[in-house]
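Thank you all for coming; I would like to take a few minutes to walk through one model with you. Please have a look at it first, and then I will start from a single residue and work outwards.

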Amino acid sequence: WGLKRKDYLMKHKRVQFNIMLMNGTLWNHLAEIDKQASDMFSRLVEQMKVNEGITERLKSDDQMEWVRRMNGIENMAIEIVTYETIHK
């Protein structure tokens, strides 16, 4: 997540990127974004699993359906986290 944020800053917020690089705050900022995004992603996936009723029982009963639904949840969570933490 930190590298995605770095790429975004380099491409879309060049002045902010250079200021942070020069004053030594860039790497701390990227580490903080990485931690926030990882935590948000984990929380979202767990919340969405509960809301969608995805359980370990589904995993044992119909593994392909579980994988399909989990992939969908993870993709949604990635989109949300990217919007909320990377492109802010």
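**From one lysine to the whole chain**

Let me begin with Lys49, which lies in helix α3. I should say straight away that this is a predicted model, and that what I report was computed from it. Is Lys49 buried or exposed? With a relative accessible area of 17%, Lys49 counts as buried, because the cut-off for that word is under 20%. Leaving aside residues up to four places away in sequence, Lys49 touches Ile54, Met70 and Ile73.

That brings me to Ile54, which is found in the loop between α3 and α4. Ile54 is buried as well, with a relative accessible area of 6%. Which residues does Ile54 touch, if we again do not count those up to four places away in sequence? They are Lys49, Trp66, Arg69, Met70 and Ile73, so that Met70 and Ile73 appear in the contact lists of both Lys49 and Ile54. For one of these partners I can also give a separation: Ile54 and Met70 are 16 residues apart along the chain, and their C-alpha atoms are separated by 8.0 Å.

Staying with helix α3 for a moment, I would like to turn to the aromatic rings, since the structure holds 1 aromatic pair. The ring centres of Trp1 and Phe41 are 6.3 Å apart and the planes stand at 45°, so the pair is described as tilted. This pair links distant parts of the chain, with Trp1 in the segment before α1 and Phe41 in helix α3, 40 residues apart.

Now to the chain in general. There are 5 helices and 0 strands, and the order of elements from the N terminus is α-α-α-α-α. How does the radius of gyration look beside that of a compact globule of 88 residues? Such a globule would be near 12 Å, whereas this chain has 17 Å, and its C-alpha trace spans about 55 × 20 × 15 Å along the principal axes. Buried residues account for 30% of the 88 in the chain, and, if we take contacts between residues at least 6 apart in sequence, 66% of them join residues at least 24 apart.

Finally, the surface and the charges: the accessible surface comes to about 6200 Å², with 54% of that belonging to carbon and sulfur atoms, while the 14 positive and 13 negative side chains form two sets whose centres lie 7 Å apart.

Notes: Residues numbered from 1 in each chain as written. Predicted model: local features only at pLDDT ≥ 70, side-chain atom pairs only at ≥ 80, totals over all residues. Heavy atoms only, no water. Helix = DSSP H or I, 4+ residues; strand = E, 2+ residues; numbered from the N terminus. Rg over C-alpha atoms; globule rule 2.2 N^0.38 Å. Buried < 20%, exposed > 50% of the residue type's maximum accessible area, 1.4 Å probe, protein only. Contact = heavy atoms within 4.5 Å. Areas by Shrake-Rupley, 256 points an atom, 1.4 Å probe, with all protein chains shown as cover. Lys, Arg positive; Asp, Glu negative; His and termini not counted. Charge placed at Lys NZ, Arg CZ, Asp CG, Glu CD. Phe/Tyr/Trp six-rings, centres within 6.5 Å; stacked < 30°, edge-to-face > 60°.
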